[in-house]
Amino acid sequence: FFDLKRVVSQKIAQDFDSLKIVIGQQMASWKLPACLSESNTRISRGENYEGYPWMVLDYPSDFSKSDIFAIRTIFLWGRHISLNVHLSGKYMNNMNWKRLEIIKSELLYLSIHENPWKHHLTGEYFKLLRQFQNEPTEIENFFKNLGYIKLSTFIPLDRYEETKAVAVKFLDETKNLINFD
């Protein structure tokens, strides 16, 4: 088991390195601030998220006590891969709330839990964007009261090879929701 886990972990880390290139190409048109540079790339891993090992790619990212911007890819062993755009603090000012209301995507989920560090797909933690029937101001108020917004998509492990293609589609859909102009 441990040899297999080591080999799979190395493969995931290599795939994250190539995914970083794909994300960088997609993000080139986002007009990101200088603080969201390549130097803020991090791959981390652990052994116990809800009892499962995990691996995370944060790129690009800016984490401070009050502000978060992160494109976060998470591999949860035995569960799924998720791609996330996580905004809090000053970065929530870049959210285009009216545009969020008109997108009816089958791909985008919104984190609805008070804890932004819950990452697995359950009805307690995530809701499909198209399930929000509220007015843009109600959606905006909900997430401002929550203190963050996390847009996510999930890839089942049996579709792992589609991760790069899903990342491109996901970032295309979220690009118009965040303005850095």
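1. Lys31 is exposed, with a relative accessible area of 55%, where exposed means over 50% relative accessible area, buried under 20%, and partly exposed in between, computed with a 1.4 Å probe and protein chains only. Lys31 is found in the loop between helix H1 (2-27) and strand E1, and Lys31 has a positive phi of about 55 degrees although it is not a glycine. Most residues other than glycine have a negative phi, and most peptide bonds are trans.

2. A word on the source is needed before going further. This is a predicted model, in which local features need pLDDT of at least 70 and side-chain atom pairs count only at pLDDT 80 or more, while totals for chains, interfaces and linings use all residues. Residues are numbered from 1 along each chain as its sequence is written, and side-chain values use heavy atoms, with hydrogens and water left out.

3. The protein chain contains 4 helices and 7 strands, taken as DSSP runs that are numbered from the N terminus, with at least four residues (H or I) for a helix and at least two (E) for a strand. Read along the sequence, these elements follow the pattern α-β-β-β-β-α-β-β-α-β-α.

4. As to overall dimensions, the C-alpha trace of the protein chain spans about 50 × 35 × 30 Å along its principal axes. The radius of gyration of the protein chain is 16 Å, which agrees with the value near 16 Å for a compact globule of 181 residues; the radius is taken over C-alpha atoms, and the globule rule is 2.2 Å times the number of residues to the power 0.38.

5. Buried residues make up 49% of the 181 residues in the protein chain. The protein chain exposes about 9200 Å², of which carbon and sulfur atoms supply 50%, and these accessible areas come from the Shrake-Rupley method with a 1.4 Å probe, with the protein chains shown counting as the only cover for residues. Among contacts (heavy atoms within 4.5 Å) between residues at least 6 apart in sequence, 66% join residues at least 24 apart.

6. The protein chain has 23 positive and 22 negative side chains, and the centres of the two sets lie 2 Å apart. In this count Lys and Arg are positive and Asp and Glu negative, whereas His and the chain ends are not counted; the place of a charge is taken as NZ of Lys, CZ of Arg, CG of Asp or CD of Glu.

7. Strand E2 (residues 52-63) pairs in the antiparallel sense with strand E1 (residues 42-49) over 6 bridges, and E2 also pairs in the antiparallel sense with strand E3 (residues 68-76) over 8 bridges, where pairing requires that DSSP finds at least two bridges between two strands. Met55 in E2 stands opposite Arg45, and the bridge partner of Met55 in E3 is Phe75. On the E1 side, Ser44 stands opposite Val56 in E2. Because 9 of its 12 residues are buried, E2 is largely enclosed by the rest of the structure.

8. Both of these pairings are linked through hairpins, with 2 residues between E1 and E2 and 4 residues between E2 and E3. Glu50, found in the loop between E1 and E2, has a positive phi of about 55 degrees although it is not a glycine. Glu50 is partly exposed, with a relative accessible area of 39%.

9. A further backbone detail deserves a reader's attention in E2, the strand in which Pro60 is found. The peptide bond from Tyr59 to Pro60 is cis, with omega near -20 degrees.

10. His119 is found in the loop between strand E5 (109-111) and strand E6 (126-128), and at 8% relative accessibility His119 counts as buried. Leaving aside its neighbours within four places in sequence, His119 is in contact with Tyr49, Arg72, Ile74, Leu76, His80, Ser82, Phe126, Lys150 and Phe154. The C-alpha atoms of His119 and Asn84 are separated by 9.2 Å, although these residues are 35 residues apart along the chain.

11. Ile139 lies in helix H3 (residues 136-146) and is buried, with a relative accessible area of 1%. Ile139 and Leu100 are 39 residues apart in sequence, and their separation in space is 8.7 Å, C-alpha to C-alpha.
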